[in-house]
Number of protein chains: 2
Amino acid sequence: MSDTTECFTPPVAPDSIAAPDDDTLAAMAKAIGHPARIAILRLLANRETCVTGDVVAELPLAQSTVSEHLRILREAGLIQGEIEGPRTRYCINAAGLAVLRAGIAAL
Amino acid sequence: MSDTTECFTPPVAPDSIAAPDDDTLAAMAKAIGHPARIAILRLLANRETCVTGDVVAELPLAQSTVSEHLRILREAGLIQGEIEGPRTRYCINAAGLAVLRAGIAAL
DNA sequence: ATCGTTCATCGTCGAACGTCGATGAATGGA
DNA sequence: TCCATTCATCGACGTTCGACGATGAACGAT
């Protein structure tokens with residue numbers, strides 16, 4: 001009964017990733033085209049606990065702003081979040097990040 | 001009397017590149033966060049001739065718009081252009097692209 | 001010297017972005 | 001049952017982006 005979207009996504013072999021089309025790659029690049037979102041990605045990479053409140057506590061931004069950045073990263077496929085009671089737990093989407101890397105590498 | 005900024009930049013060994021800070025990485029990612037600019041990068045990677053007019057001819061955009069995209073890519077350090085008479089010849093900045101790759105890889 | 005070509009820059013305009021506070025839904029605890 | 005906590009969403013506001021046409025500078029050719 002494991003869910004399809006799991007936190008702690010396993011890493012992905014770099015060679016098994018197809019480069020995305022231009023629009024997808026542009027959308028992903030745009031998503032990380034903001035220092036706060038890069039900080040969030042780095043935070044999620046270095047922590048195993050990744051609830052929204054934790055991210056808010058680490059950034060000099062309002063809660064609503066952080067939530068917005070999380071939404072952008074999630075819609076770009078770079079992170080994923082699962083509801084955990086009243087909280088939302090976020091983590092890196094390793095597959096999405098691999099797609100981004102493949103797209104950049106193919107430039 | 002060779003210029004410091006040369007077209008046909010040699011490729012760079014991936015391990016010799018330091019990952020940029022968050023602001024620089026964000027700026028570079030933002031620069032490729034648009035389909036037209038990805039198309040330009042791809043165009044420059046596949047051609048040895050890379051004058052502005054050639055790029056304009058390949059894209060469904062006005063000359064001024066293309067010039068603007070080229071400026072953004074240049075200021076992000078992803079391409080470089082040298083004046084060649086009345087023309088401007090652009091090419092990939094391999095070092096800049098390597099920095100971007102290193103930054104993405106370090107996420 | 002004049003003209004045509006090439007390109008960057010400027011001004012403009014609508015759309016999208018980034019930020020915030022306020023609001024409300026959902027959940028768990030008292 | 002009621003209340004506090006957590007978080008996404010909404011509305012507002014100023015800023016930036018993306019696109020265009022117009023303009024003018026720089027250069028080569030005639």
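## Two protein chains and two DNA strands

Pro20(B) lies in the segment that comes before α1 of chain B, and in this predicted model that residue is a convenient place to begin. With 18 C-beta neighbours inside 10 Å, Pro20(B) counts as partly exposed, because the count falls between the 12 or fewer of an exposed residue and the 20 or more of a buried one. Leaving out residues up to four places away in sequence, Pro20(B) touches Leu25(B), Val99(B) and Gly103(B). The pair Pro20(B) and Gly103(B) is separated by 83 residues in sequence, yet their C-alpha atoms are 5.8 Å apart in space.

A second residue of chain B can be described in the same terms. Leu107(B) has its place in the segment after α5 of chain B, and with 17 other C-beta atoms within 10 Å it is partly exposed. Between the C-alpha atoms of Leu107(B) and Ala19(B), which are 88 residues apart along the chain, the distance is 9.5 Å. When neighbours within four places in sequence are set aside, the contacts of Leu107(B) are with Leu41(A), Arg42(A), Ala45(A) and Leu97(A).

### The chain and its elements

Chain A contains five helices and two strands, and from the N terminus on these elements follow the order α-α-α-α-β-β-α. The radius of gyration of chain A is 14 Å, close to the 13 Å that the globule rule gives for 107 residues, so chain A is as compact as a globular protein of that length. The C-alpha trace of chain A spans about 40 × 35 × 20 Å along its principal axes, and 28% of the 107 residues of chain A count as buried. Among the contacts in chain A with a separation of 6 or more, 62% are between residues 24 or more positions apart.

Which residues of helix α1 of chain A are buried? In this helix, made of residues 22-31, they are Leu25(A), Ala26(A), Met28(A), Ala29(A) and Ala31(A). The cover over the buried residues of α1(A) includes α2 (35-46), α4 and α5 (94-105) of chain A, and also α1 and α2 of chain B.

In chain B, strand β1 (residues 79-84) and β2(B) run antiparallel and are joined by six bridges. Within this pairing, Ile83(B) stands opposite Thr88(B) in β2(B). The two strands β1(B) and β2(B) form a hairpin with two residues between them, and Gly85(B) in the turn has a positive phi of about 65 degrees.

### How the two chains meet

Chain B can be superposed on chain A by a rotation of 180 degrees with 0.0 Å of shift along the axis, at an RMSD of 0.0 Å. The two copies are thus related as by a two-fold rotation axis. Their contact takes 21 residues from chain A and 21 residues from chain B. On the side of chain B that touches chain A, the elements giving two or more residues are α1 (22-31), α2 (35-46) and α5 (94-105) of chain B, and the residues of that side divide into 14 nonpolar, two polar and five charged. Of the interface residues of chain B, 100% are also interface residues in chain A, so the copies meet through the same surface.

### The surfaces near the DNA

The table sets out the surroundings of the two DNA strands.

| DNA strand | Residues around the strand | Closest residues |
|---|---|---|
| C | 22 residues | Ser64(A), Gly53(B), Ser64(B), Ser67(B) and Arg87(B) |
| D | 22 residues | Gly53(A), Ser64(A), Ser67(A), Arg87(A) and Ser64(B) |

The surface near DNA strand C draws two or more residues from α4 (63-75) of chain A, and likewise from α3 (52-58), α4 (63-75) and β2 (87-92) of chain B. The element that gives the most to this surface is α4(B), with six residues. By class, the surface near DNA strand C has seven nonpolar, eleven polar and four charged residues.

For the surface near DNA strand D, at least two residues each are supplied by α3 (52-58), α4 and β2 (87-92) of chain A, together with α4 of chain B. Here the largest share, six residues, comes from α4(A). The residues of the surface near DNA strand D divide into seven nonpolar, eleven polar and four charged.

Note on methods: Residues numbered from 1 in each chain as written. Chains lettered and ligands numbered in written order. Predicted model: local features only at pLDDT ≥ 70, side-chain atom pairs only at ≥ 80, totals over all residues. Contact = placed C-beta atoms within 7 Å. Helix = DSSP H or I, 4+ residues; strand = E, 2+ residues; numbered from the N terminus. Nonpolar A, V, L, I, M, F, W, Y, C, P; charged D, E, K, R; others polar. Near = placed C-beta within 6 Å. Least-squares fit on C-alpha atoms with pLDDT ≥ 70 in both. Rg over C-alpha atoms; globule rule 2.2 N^0.38 Å. Pairing = 2+ DSSP bridges.
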